[in-house]
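Me: Please take a close look at the shell around the ligand, and then take me from there into the interior and the sheet. I would like one connected account, with the terms explained as they come up.

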Amino acid sequence: MEKYTCNFIKIDVTNSCNLSCPLCPNSYRRKDIKIPYKNMSLSEFIKFFDNLQIYPQEIGLGVNHEPLLNNNIFDIIKFINNRNKKINITLSTNFTLSNKFKIETIVESGIRDIFIGLDGIDQESYSKYRVGGNFDSVIDSIKKIQEYKKQKKLEFPQIKIIFIVFKHNEDLIDKAKELFNSLEISVFFRRTDFYSGFEDWFPIKFKQINFNEDRTPMQDNKIDAICMEPFSSVTIDSFGNVYPCCGDGAFDFVVGNIFKDSFENIWVNKKMCDIRHFLQKRCNIKDIPCINCPIYKQDNSNIAIKL
Ligand code: SF4
């Protein structure tokens, strides 16, 4: 029997996005594949959650799609928080649709961390990558949340900006730090050189620092590790399909479906075990998504951690 525990469940509560970011797999890879639009309903989520035998430490909403397209997103968050306050609930979003919701609804839902993809300091620098996004409306919502938290003396949600560094914005890093400091929010600068064919976008000067498990910087910045994703987490899409990770390579590698089987069965089924064994070099299987994954090839990962 496998000894691993699922600490982190990532869920896409919708299968669409309102922006067209050029490097996003949903923009360039899946656009020709016709998949019906699907939001996970609150009742579907409740059915899944109530069948869990062990709760994860964290539930992350929004993986490869935009969670705010689902009008029930804050009802889902509120439901998780009401059931179990120990679960760390996080949201990954471009936040351009935040003005669909009342600030009170967002803040009082129980969401702990909001990760916002925002890689610019004004509309011009932002919209080069976040195609279709409105910089001012995102900043306006952030300001309103910070103001509301101050008024109510609340610590959460914490807003964390994920700033992807490209050639066109790498000289704006200091200005971005100033902007986000003034809003009293954190910012993380990342490279995203995962996909070949997009070399024109990649930064020239900015180097990403990879970290050891204890968060100290790796000495030569070289990763000597295996991918740990399927050992402690899974990704679920809005149809209930389960994947071993959120990696682009795993899009077609469905290991189960939460509406057809129990989560616990899926966690230890043959496909999940096969992928773990493959990553541990205990077997050599051809039909494994990792073979084409840049993280497996250790090209640019800051996700892999030392075993
Ligand atoms: S190596 Fe890539 S495809 Fe394989 S589990 Fe890790 S992230 Fe997923």
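Reply: The shell around the ligand divides into 11 nonpolar, 2 polar and 1 charged residues, where Ala, Val, Leu, Ile, Met, Phe, Trp, Tyr, Cys and Pro count as nonpolar, Asp, Glu, Lys and Arg as charged, and the others, Gly among them, as polar. The model is a predicted one, in which local features need pLDDT of at least 70 and side-chain atom pairs count only at pLDDT 80 or more, while totals for chains, interfaces and linings use all residues. Residues are numbered from 1 along each chain as its sequence is written. In total, 14 residues surround the ligand, and the closest are Cys227, Cys245, Gly247, Cys290 and Cys293; a residue is near the ligand if its C-beta atom, placed from the backbone, lies within 6 Å of it.

Cys290 also leads into the interior, as one of the residues that touch the most other members of the largest nonpolar core, which has 62 residues. Such a core is a set of buried Ala, Val, Leu, Ile, Met, Phe, Trp, Tyr and Cys residues joined through C-beta atoms within 7 Å, and buried requires 20 or more other C-beta atoms within 10 Å of the residue's own, whereas 12 or fewer count as exposed and values in between as partly exposed. Helix α3 (residues 73-83) gives the most to this core, with 5 residues; helices (H or I, at least four residues) and strands (E, at least two) are DSSP runs, numbered from the N terminus. Ile76, another of the core residues that touch the most other members, is in contact (C-beta atoms, placed from the backbone, within 7 Å) with Val13, Leu42, Phe45 and Leu61, not counting residues up to four places away in sequence.

Leu61 also contacts Ile11, which touches Ile59 and Ile236 as well when neighbours within four places are left aside. Ile11 sits in strand β1 (residues 8-11), and is buried because 22 other C-beta atoms lie within 10 Å.

Strand β1 belongs to an open sheet of 9 strands with mixed pairing, in the order β6-β5-β4-β3-β2-β1-β7-β8-β9, where two strands pair if DSSP finds at least two bridges between them. The edge strands, each pairing on one side only, are β6 (186-190) and β9 (256-257). Within the sheet, β3 (residues 88-93) and β4 (residues 113-117) run parallel and are joined by 4 bridges, and Ser92 has Phe115 in β4 as its bridge partner.

Technical notes. Contact = placed C-beta atoms within 7 Å.
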